[in-house]
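Trainee: Can we go through this structure together? I'd like to start with the packing of helices on strands.
Mentor: Fine, let's look at it.

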Amino acid sequence: MSAGEPGMGRYVYCIINSPGERKSFGNIGFGGEEVYTMEYRDFAPVMSSAPVKKYEVNEEEVELHKKIVGQVMKEHSVLPVAYGMVFKNKKLIQVTMSAGYKAIKKAMKVVDNRVELGVKVIQPKDESSLNGRVEQCRSDFLETLKRKAFDSKELKLFSDRLVLNASFLVDRDKIDEFSDEVEQLGNKYEELKTQYSGPWAPYNFVDIHILSRRRGGFR
Amino acid sequence: MFIMDDILLRQLGISIPGIDTLWTIEQIKNFAHKELYNPEKIKSKIKENRMLFEFGEITSEEYERTNAELMRKLKLAEQGEEMNLEVRTDILGAR
């Protein structure tokens, strides 16, 4: 199935700086379709042929979307695009890129050569072992790690067990330094469990809404 | 006015059995409604379940089981939101 066939459109995963020519990332897209770039001025949306439909939030497909962005990220700085953005045709992608060009340019400056790293810290089931030092631990983790990051974002504490849930935007060449700091903090607070994840595309540091605030893309 | 009277009586330590029962039922219903049909709370539970699995605190079987149950609840809650279940008739007839 190709993008020209009825009911088929182009699903966009992320935007990268233009590699200068059409680039293929292989048949890793939804339905085994080829993931490739389309040139738009100095940027290139990364896409594959996919049915034009409402993309329901489905764990497997969201994971696949993230995996594809992760693959692109190995070689390029990426501006992640929300899950489910499918466009009926090439023209609509160009219109969207044109409308969002300034915002894309600005966002790319922020994320270029940087990655997102996630840190979650949880307390043991028996909360008493922290002796009410939750606030102190959270602030120690946060302040120490902020010093090694370009930017940071505290995320929702969706569980009573969570002491810290944060994302950090870190220069690619400072990832090792940041990792060492996370390890040292983990050793300092042995009673806590730390999860360090990434590198991710900077999902928490890019928020561009172009033409439509609704998920599902501009059709 | 009716509610004010009821609260006033309650503060004075006076209870009227019939009204008390209705009031209690209404409170339980409100609580159950908020707990069961709040999509945000269910989404938090889904994330928490995933997190506990990633931290190795529950097995993959436990994760799958709880996740399936929570996804079912979320679907119900979202359907409930679409039907706008928040708008209900007050059984005490205060409105």
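**Working through the model**

Mentor: Start with helix H4 (residues 134-146) of chain A, which lies across E6, E7 and E8 of chain A and runs at about 5° to E8(A). Keep in mind that this is a predicted model.

Trainee: And which strands does helix H5 of chain A lie across?
Mentor: Helix H5 (residues 175-188) of chain A lies across E6, E8 and E9 of chain A, and its angle to E9(A) is about 170°.

Trainee: What's the strand order in that open sheet?
Mentor: The order is E7-E8-E6-E9 (chain A), four strands with antiparallel pairing. At the edges are strand E7 (151-154) and E9 of chain A, each pairing on one side only. On average, neighbouring strands of this sheet are turned by 20° against each other, direction ignored.

Trainee: How many bridges join E6 and E8 of chain A?
Mentor: Nine bridges link strand E6 (residues 114-122) of chain A with strand E8 (residues 162-171) of chain A, and the two run antiparallel. To pick out one pair, Val115(A) has Val170(A) in E8(A) as its bridge partner.

Trainee: Zooming out, what does the whole of chain A contain in helices and strands?
Mentor: Chain A has five helices and nine strands. Along the sequence the pattern reads β-β-β-α-β-β-α-α-β-α-β-β-α-β. The C-alpha trace of chain A spans about 65 × 30 × 30 Å along its principal axes.

Trainee: Where are the domain bounds in chain A?
Mentor: The domain assignment gives domain 1 (8-111) and domain 2 (114-203). Taken over C-alpha atoms, the centres of these two domains of chain A are separated by 30 Å.

Trainee: How many residues of each domain of chain A are in contact with the other?
Mentor: Six residues of domain 1 of chain A are in contact with four residues of domain 2 of chain A. On the domain 1 side, H1 and E4 of chain A each supply at least two of the residues that touch domain 2.

Trainee: Now the interior. Which residues touch the most other members of the largest nonpolar core?
Mentor: Val12(A), Tyr13(A), Cys14(A), Val46(A) and Val72(A), out of 28 residues in that core. Elements giving two or more residues to this core include strand E1 (8-17), strand E3 (43-51) and helix H1 (59-73) of chain A. E1(A) gives the largest share, six residues.

Trainee: What is Val46(A) in contact with, leaving aside neighbours within four places in sequence?
Mentor: With Val12(A), Tyr13(A), Cys14(A), Ile16(A), Val35(A), Thr37(A) and Val72(A). Apart from this core lies another, of 17 residues, among them Val121(A), Ile122(A), Ala149(A) and Leu164(A).

Trainee: Back to single residues. Is Asp207(A) buried or exposed?
Mentor: Asp207(A) counts as exposed, because 9 C-beta neighbours lie inside 10 Å and the cut-off for exposed is 12 or fewer. Asp207(A) is found in the segment after strand E9 (193-200) of chain A. Its C-alpha atom is separated by 17 Å from that of Ala166(A), 41 residues apart along the chain.

Trainee: And what share of chain A is buried?
Mentor: Buried residues make up 30% of the 219 residues in chain A.

Trainee: Switching to chain B, what span should helix H3 have there?
Mentor: Helix H3 (residues 39-54) of chain B has 16 residues, so at 1.5 Å a residue the span should be 22 Å. The end C-alpha atoms of H3(B) are 23 Å apart, which agrees. After H3(B) comes Gly56(B), with a positive phi near 75°.

Technical notes:
Residues numbered from 1 in each chain as written. Chains lettered and ligands numbered in written order. Predicted model: local features only at pLDDT ≥ 70, side-chain atom pairs only at ≥ 80, totals over all residues. Core = buried A, V, L, I, M, F, W, Y, C linked by C-beta atoms within 7 Å. Buried ≥ 20, exposed ≤ 12 C-beta atoms within 10 Å, placed from the backbone. Contact = placed C-beta atoms within 7 Å. Expected span 1.5 Å × (residues − 1). Pairing = 2+ DSSP bridges. Axes fitted to C-alpha atoms, helices over the stretch in contact; angles between N-to-C directions. Domains from an automatic or database assignment.
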